[in-house]
Amino acid sequence: MFNLILFGPPGAGKGTQSEKLIEKYQLIHLSTGDILRSEIAEGTELGLKAKEVMDLGELVPDEVVIAMIKSKLEANASAKGFIFDGFPRTTAQAEALDALLEELGHPITIMLALEVSESELIKRLLNRGKNSGRPDDQDEAIIQNRINEYQNKTAPIKDYYSLQGKFRAIEGIGSIDDIFNRLCSQIDLIF
Ligand code: B4P
């Protein structure tokens, strides 16, 4: 099993690149952001609670997203591998993911981290907000809050995977195809 964490701040291109990677490598795409948005669209109780937090640009509680990932892993036990997009976002989530994958006997293979300047992130997200209808993309103060949450709670897990020898930084500025080729050249070394 090939298990990739695609890492980076909000707007770094994780969702964009995941779509191309799943097509090329036939992996299962697990985006906690997408799963939460589908819960919101379906009007579930979980979705209603998550919406309040997401609209403020804050993180949904660890136990909620960990349970979501657990059930997706169980439902796809015979997959060739997974792309984790937007998960883990805290050290507690990283530890829980390691424990779940240990049960399956297939640990994280690599973490590829897209690096993009803050000004470019804000520009991309405001631009997406014009058409996406996503409330968290439409207000610069909320975008800034998402970036702050990333810096405070998410960025430290780079060290968690560096200690395991699995962290690789990827330049996340340039054309979508150029960035895709950078990701593929790292994946192809071990796929
Ligand atoms: P996510 O859905 O993960 O949102 P995101 O980080 O904004 O998306 P992404 O990074 O994939 O967007 P992309 O760069 O592809 O999370 C939303 C919210 O859900 C969080 O704030 C949180 O509340 C909650 N949540 C999710 N997971 C959670 C977890 N594990 N724990 C707790 N809470 C969680 O795209 C951005 C834009 O850039 C697009 O418009 C794209 O077209 C553009 N773009 C991409 N690549 C580009 C390039 N190379 N050049 C120019 N533009 C580019």
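The expected span of a helix is 1.5 Å times one less than its number of residues. I wanted that rule at the top of the page before opening this model, which is a predicted one.

**Helix α5, length.** I picked α5, residues 91-104, and noted its 14 residues. At 1.5 Å a residue that should give 20 Å, and I found the end C-alpha atoms 20 Å apart, so the expected and found spans agree.

**Helix α5, faces.** Next I asked myself: which residues of α5 are buried? I wrote down Gln-93, Ala-94, Leu-97, Asp-98, Leu-100 and Leu-101. Looking down the axis, I saw these buried residues fall within an arc of 170 degrees, so they line one face of the helix. On the face turned away from the buried side I noted Glu-102 and Glu-103, both exposed.

What do the buried residues of α5 pack against? My list has two strands, β1 (2-7) and β3 (81-85), plus the helices α4 (62-75) and α8 (157-163).

**Either side of α5.** Just after the helix I came to Gly-105, with a positive phi near 80 degrees. Going back the other way, I stopped at Pro-88, in the loop between β3 and α5. The bond joining Phe-87 to Pro-88 is a cis peptide bond, with omega about 0 degrees.

**Gln-26.** I also looked up the loop between α1 (14-25) and β2 (28-31), where Gln-26 sits. Gln-26 isn't a glycine, yet its phi is positive, near 60 degrees. I jotted a reminder that most residues other than glycine have a negative phi, and that most peptide bonds are trans. Is Gln-26 buried or exposed? Exposed is over 50%, so Gln-26, at 54% relative accessibility, counts as exposed.

Key:
Residues are numbered from 1 along each chain as its sequence is written. This is a predicted model: local features need pLDDT of at least 70, side-chain atom pairs count only at pLDDT 80 or more; totals for chains, interfaces and linings use all residues. Side-chain values use heavy atoms; hydrogens and water are left out. Helices (H or I, at least four residues) and strands (E, at least two) are DSSP runs, numbered from the N terminus. Buried means under 20% relative accessible area, exposed over 50%, partly exposed in between (1.4 Å probe, protein chains only). The arc is that of the directions from the helix axis to the C-beta atoms. Contact means heavy atoms within 4.5 Å.
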